[in-house]
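Trainee: I should like a close look at the bonded and charged side-chain contacts of this protein. Please take the disulfide as the starting point and then work outwards to the charged pairs and the backbone.

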Amino acid sequence: MSTDRPEVARRRPLGFAAVFAIVVATLVVLAAVGAAVSVAQGPRATDVAVDPEAAVEASGTRVIFTTTQSLQEVDASQVTITPAVPFAVDTSGRSVGVRFTLPLWDETEYTVTIDDVTGLGGGATSTLTETFTTPGIDLFLLQRGGENGDTVFVTDLDGEQAIPVFTHPAIEDFRITADHLVFSVRDENDQSQLIVTDHDGQNERTLALPGEGTISDLQAADRGDRIGYLFTDAAVGTEGALESALFTASVDDSAAEEAPVQVAVEGSDARVDSWSFVPDTDSVLFVGFDSALTLTGPTGENPASFGLANAIAGITPGTSEAVIDRPEGWVVLDLSTGDETPLVASAEDLGTLNDVEPLPGGGTLRTTSLRDEGGQPIATTIATVDDEGETAIVMDVPNEDTVLQTCVSPSGRYAAVLIAPDVVSNRYDGYLLPLPERVETHILSLADNAEIVALAGFDASWCRLPPG
């Protein structure tokens with residue numbers, strides 16, 4: 001019997017090049033299949049970025065959808081936001097962003113939906129959607145005359161979670177920027193100093209000033225961690241001394257050694273009576289001692305003159321419209337065109353108009369006084385007036401109390417009304433920015449004109465200007 005066995009054929013292993021070619025071909029097939037499926041399904045979101053906390057604090061925050069495909073341009077008509085809020089939309093590659101042009105309401109659920117989203121190559125459309133909830137809003141306030149000096153604290157709107165942030169023997173005023181708190185304080189020689197900290201009061205440092213003197217009208221820009229103030233030399237009245245000169249400065253940590261810059265227009269009186277940053281910019285609008293109303297860049301460049309004015313009431317957030325007290329009456333001035341119209345009259349006779357605060361999204365918050373036949377004030381009314389003149393009473397203040405200031409929260413949902421109760425017996429303190437010793441900040445909901453809480457203190461961080 002033969003024991004020979006048939007030889008088994010030996011197979012040569014595939015070479016590297018052949019294996020590589022097979023893998024590449026497989027990947028190409030899979031990619032083609034994936035692309036076909038993606039086109040068939042329409043663009044899908046692979047990532048959504050949104051910062052709800054930033055969205056309640058400032059305008060300009062975005063919801064950014066990143067998708068599986070490069071996209072055709074998305075039109076604003078394809079976007080729905082619930083509850084409604086003004087927005088802008090832009091498309092770039094595989095991403096589409098929805099930018100909120102005003103701050104959002106706090107503790108509110110928002111849904112952003114984009115319909116009929118189409119890939120650059122066409123194909124099926126899809127819908128992108130994102131739902132998020134904004135957090136509660138905080139408020140910083142200043143209390144003078146505490147056991148350890150003056151204190152700025154942060155609180156929720158219930159007033160039950162007040163946390164001390166910064167204490168000093170004499171705090172005149174303070175403002176909040178994107179990343180910092182800025183305090184105007186008095187030193188032992190009664191000269192002004194500017195102290196900068198983080199929002200939690202940490203990393204304290206002193207900001208350079210133009211010289212020895214006093215600061216007033218401290219303000220903060222919406223963008224760029226920039227502040228401004230009026231500075232008067234201690235030696236005012238002597239040759240070359242500064243009086244009520246407007247300066248701006250960066251409080252960014254990287255600019256700690258930078259000197260402040262004076263805002264001065266060549267050939268004009270450098271003394272400034274009142275001023276304001278233009279919202280969402282670092283440009284400034286000011287009224288000089290000669291009553292000239294001027295708009296410039298942060299160092300006085302490219303000045304534009306807008307006639308005479310008594311005061312700047314405010315500038316509507318998200319717009320270039322300023323409410324101006326002219327010698328001939330109140331007007332709304334468009335800073336981009338120079339056009340102006342009379343301030344809309346209220347449907348109800350509220351009395352003498354004392355102050356106007358523009359509301360985000362339109363309308364104004366107004367402070368008015370009713371007077372008796374002899375011209376003496378008998379009551380103060382706080383009211384909202386929309387762009388058609390429709391009026392809603394927010395608060396009536398009895399004559400024995402005095403309204404010192406009104407401010408509106410970034411989103412326009414709330415108002416802060418600063419009141420000095422029993423003003424006849426409520427003595428003013430001895431600060432450079434003098435105020436009655438007892439003051440209350442009343443927080444009001446403008447949706448239903450209900451009072452939420454009354455807090456001891458002043459200088460609510462929503463306010464662009466100091467009380468006065």
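Mentor: What follows starts at the disulfide, goes on to the charged side chains, and ends with the backbone.

The model is a predicted one. A search of the whole structure finds one disulfide, and its partners are C407 and C463, with sulfur atoms 1.9 Å apart. The torsion about the S-S bond of C407 and C463 is about 110°, so the disulfide is right-handed. The pair links distant parts of the chain, 56 residues apart: C407 belongs to strand β31 (residues 402-408), whereas C463 is in the segment after β34 (450-456). C407 has a relative accessible area of 4% and is therefore buried. C463, with a value of 6%, is buried as well. The cut-off behind both statements is a relative accessible area under 20%.

From the covalent link we pass to the charged pairs. Side chains of opposite charge can pair when their charged atoms come close. In this model the count comes to 14 salt bridges, and three of them deserve attention here.

One joins R326 to E340, with the closest N and O atoms 2.7 Å apart. R326 lies in strand β24 (residues 321-326) and E340 in strand β26, so this salt bridge ties together parts that are 14 residues apart in sequence. The two ends have their own surroundings: R326 counts as buried because its relative accessibility is 6%, while E340, at 35%, counts as partly exposed.

A further salt bridge is formed by the side chains of D173 and R175, at 3.0 Å from N to O. D173 is buried, at 4% relative accessibility. R175 is likewise buried, with a relative accessible area of 4%.

The third is the contact between D190 and R186, whose side chains meet at 3.4 Å, N to O. At 17% relative accessibility, R186 falls under the 20% limit and so counts as buried. D190, by contrast, is partly exposed, with a relative accessible area of 45%. Both residues belong to a wider arrangement, since salt bridges that share partners join R144, E172, R186, D190 and D429 into one network.

Charged residues also gather outside such pairs. E321, E348, D386, D387, E388 and E390 form a negative surface patch. One of its members, E348, is found in the loop between β26 (340-342) and β27 (352-358). Its relative accessibility is 42%, so E348 counts as partly exposed.

The backbone completes the picture. Two residues other than glycine have a positive phi: D217, at about 55°, and S244, near 50°. D217 is part of strand β15 (residues 213-220), whereas S244 is placed in the loop between β16 (226-233) and β17 (245-250). D217 has a relative accessibility of 16% and thus counts as buried. S244, at 11%, counts as buried too.

There is also a cis peptide bond, from T82 to P83, with omega near -10°. P83 lies in the loop between β3 (79-82) and β4 (87-92).

How values were computed:
Residues numbered from 1 in each chain as written. Predicted model: local features only at pLDDT ≥ 70, side-chain atom pairs only at ≥ 80, totals over all residues. Heavy atoms only, no water. Helix = DSSP H or I, 4+ residues; strand = E, 2+ residues; numbered from the N terminus. Buried < 20%, exposed > 50% of the residue type's maximum accessible area, 1.4 Å probe, protein only. Patch = residues over 30% accessible without salt bridge, like charges linked within 9 Å, V, L, I, M, F, W, Y side chains within 5 Å. Areas by Shrake-Rupley, 256 points an atom, 1.4 Å probe, with all protein chains shown as cover. Salt bridge = Lys/Arg side-chain N within 4 Å of Asp/Glu carboxyl O. Lys, Arg positive; Asp, Glu negative; His and termini not counted. Charge placed at Lys NZ, Arg CZ, Asp CG, Glu CD. Disulfide = S-S within 2.5 Å.
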